[in-house]
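Q: Hi! I'm new to this one and would like a friendly walk through it. Can we look at it together?

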Amino acid sequence: MKITVDQDKCCGAGSCVLAAPDVFDQRDEDGVVVLLDPEPAEHLRAAVREAADVCPTAAIALTERD
Amino acid sequence: MALGDADHVLDYPIPAPTALDPPAEWAALRQQCPVARVRLPSGDEAALLTRYEDVRQVLADPRFHRHLDAPDAARVTANESGGVFSGALARPMSPEIHQQWRRMVGKWFTARRMTALRPGIEAMTERLVDEMVASGAPADLREKLGFPLPVWVICDMLGVPESDREKFAYWSDTLLSLTRYTQAEIDAAQAEFRAYMSEHIAATREAPGDDLISELISAAGGAGHVMTDETLLSTSQGLLVAGHETTANMIGKMVGMLLADRRRWEELLADRSLVRTAVEEALRMDANPGFGIPRYLTEDARVGDTTVPRGTTVVCGIGAANRDESAFADADEMDLRRSPNTHLAFGVGAHSCLGQSLARTELQAVLDVLLRRLPGLELAVWAEELERVDGLVVGGLRTLPVRW
């Protein structure tokens, strides 16, 4: 799995951080998403999929490869 | 079906059979009339959307404006001021200005910051539960816990002292009135709130603290701007309007739903790790989320198979959309493990709720504390006897009688 985030789209709701705090964070200065781990380990992927699904601005894109 | 085909104009909000169940019309509207003519409390007509995909599309589409003071836009309420939808905060900002404002305030509302507030929120909840237990069963959980908690949290954020929490609760109630208060009462409450906050903002400029107002002033100062009193006032008012009554009512409705079928409460007692998904499911299942999200259309637009003409005021029926079978399997079932739960309770798109991490944190904290402290919690009336709050933009339960 490979994650990309679109910081221009992000509205800073933080739902990704609540769903997958090991993978997403928010910038201190404005709350915009920060990707901590673009290729998360297996055990984190369900939470990452949930984070992408619930993002209010669809700013998280996933490529499932393996 | 085109808008206007229906010879029937529904009165809106649509009455529901019980406090926790949706109006029977929702399912029929989703199936047969996804863009329905409705008459608002003001007497003006609007178009009600009830399908998940349509609501999602409209909330993310910039042609559907928040410009509800257009001359031909439907007025929501009979009050002259139009209540919450016509205040300073409802005045639309350009997308660029909105994003700047949003990011400045958003910095305060990050998920980690809200998570850091959680121990404090749990401590306030514990204190309110202690007081409720001390006053004896049965008790009204809305009055004892649901209503005070969010206003305490907001007062803390704004740097307002504990002794003024009562005033804030009243102002908040008044600002959200659809029909319950007179225009004179609403105007008086607005004026008192503005006067209080102006003084509080001036004092905060003199002696900044560790609160949101201080943070906004210093963040703007750091970027070479001056944060005006007007922006601080409307931000504070927005917080109160957006963060108090909504969360207060959601606490009541969430606990009400979980106790209405006590197997849900027992499922949570058996597995506390379900609190997070249970909160999301309560948000989705909320059959009385309130008025809905209004938008004003500045040009003709397609919504599903319907052409909606410019000048139409559209009301996004969030509760109806959240129970759309085409978006959620077994949409009428409350599934405490549902995941992902892509409900629209906080809206969607660039204007989706700024405080959603705070709301989630408060709801999760309340549920955790109640499960821990009052595992024997149950309704003290039949679920069918619970009554809705009328006259406010945000829907809720009038009282939530419980024992433990």
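A: Happy to! Keep in mind that this is a predicted model. A good place to begin is strand β9 of chain B, residues 313-316, which is covered on both faces.

Q: Which residues of β9 in chain B sit on each side?
A: B:Thr313 and B:Val315 are on one side, with B:Val314 and B:Cys316 on the other, and all of them are buried.

Q: OK, and what does β9(B) pair with? Start with β3 of chain B: parallel or antiparallel?
A: Parallel: strand β3 of chain B (residues 45-49) is joined to β9(B) by three bridges. In that pairing, B:Leu49 stands opposite B:Cys316.

Q: How many bridges join β6 of chain B to β9(B)?
A: Four, and those two strands run antiparallel. Strand β6 of chain B covers residues 293-297, and B:Pro294 there is opposite B:Val315 in β9(B).

Q: What holds strands together like that, generally?
A: Strands of a sheet pair through backbone hydrogen bonds, in either a parallel or an antiparallel way.

Q: So what's the strand order in the whole sheet?
A: It is an open sheet of six strands in chain B, ordered β1-β2-β3-β9-β6-β4, with mixed pairing. The edge strands, each pairing on one side only, are β1 (10-11) and β4 (64-65) of chain B.

Q: Back to β3(B) for a sec: how does β2 of chain B pair with it?
A: Strand β2 of chain B, residues 35-39, pairs with β3(B) in the antiparallel sense over five bridges. B:Val35 stands opposite B:Leu49, the residue of β3(B) that is also opposite B:Cys316 in β9(B).

Q: Which strands does helix α2 of chain B lie across?
A: Helix α2 of chain B (residues 52-60) lies across β3, β4, β6 and β9 of chain B, and runs at about 125° to β9(B).

Q: Switching to another helix: why is α13 of chain B called largely enclosed?
A: Because eight of its eleven residues (275-285) are buried, helix α13 of chain B is largely enclosed by the rest of the structure. The buried ones include B:Ala278, B:Leu283 and B:Met285.

Q: What do they pack against?
A: The buried residues of α13(B) pack against three helices of chain B: α11 (245-260), α12 (262-270) and α15 (356-373).

Q: Last topic: how many residues does each chain give to the contact?
A: Chain B gives 20 residues and chain A gives 19 residues. On the chain B side, the elements giving two or more residues are α3 (95-106), α4 (111-135) and α15 of chain B.

Q: And what kinds of residues are on that side of chain B?
A: Six nonpolar, nine polar and five charged.

Terms used. Residues are numbered from 1 along each chain as its sequence is written. Chains are lettered from A and ligands numbered from 1 in the order in which they are written. This is a predicted model: local features need pLDDT of at least 70, side-chain atom pairs count only at pLDDT 80 or more; totals for chains, interfaces and linings use all residues. A residue is buried if 20 or more other C-beta atoms lie within 10 Å of its own, exposed if 12 or fewer, and partly exposed in between; C-beta atoms are placed from the backbone. Two residues are in contact if their C-beta atoms, placed from the backbone, lie within 7 Å. Two strands pair if DSSP finds at least two bridges between them. Axes are lines fitted to C-alpha atoms, for helices over the stretch in contact, and angles run from 0 to 180 degrees between N-to-C directions. Ala, Val, Leu, Ile, Met, Phe, Trp, Tyr, Cys and Pro count as nonpolar, Asp, Glu, Lys and Arg as charged, and the others, Gly among them, as polar.
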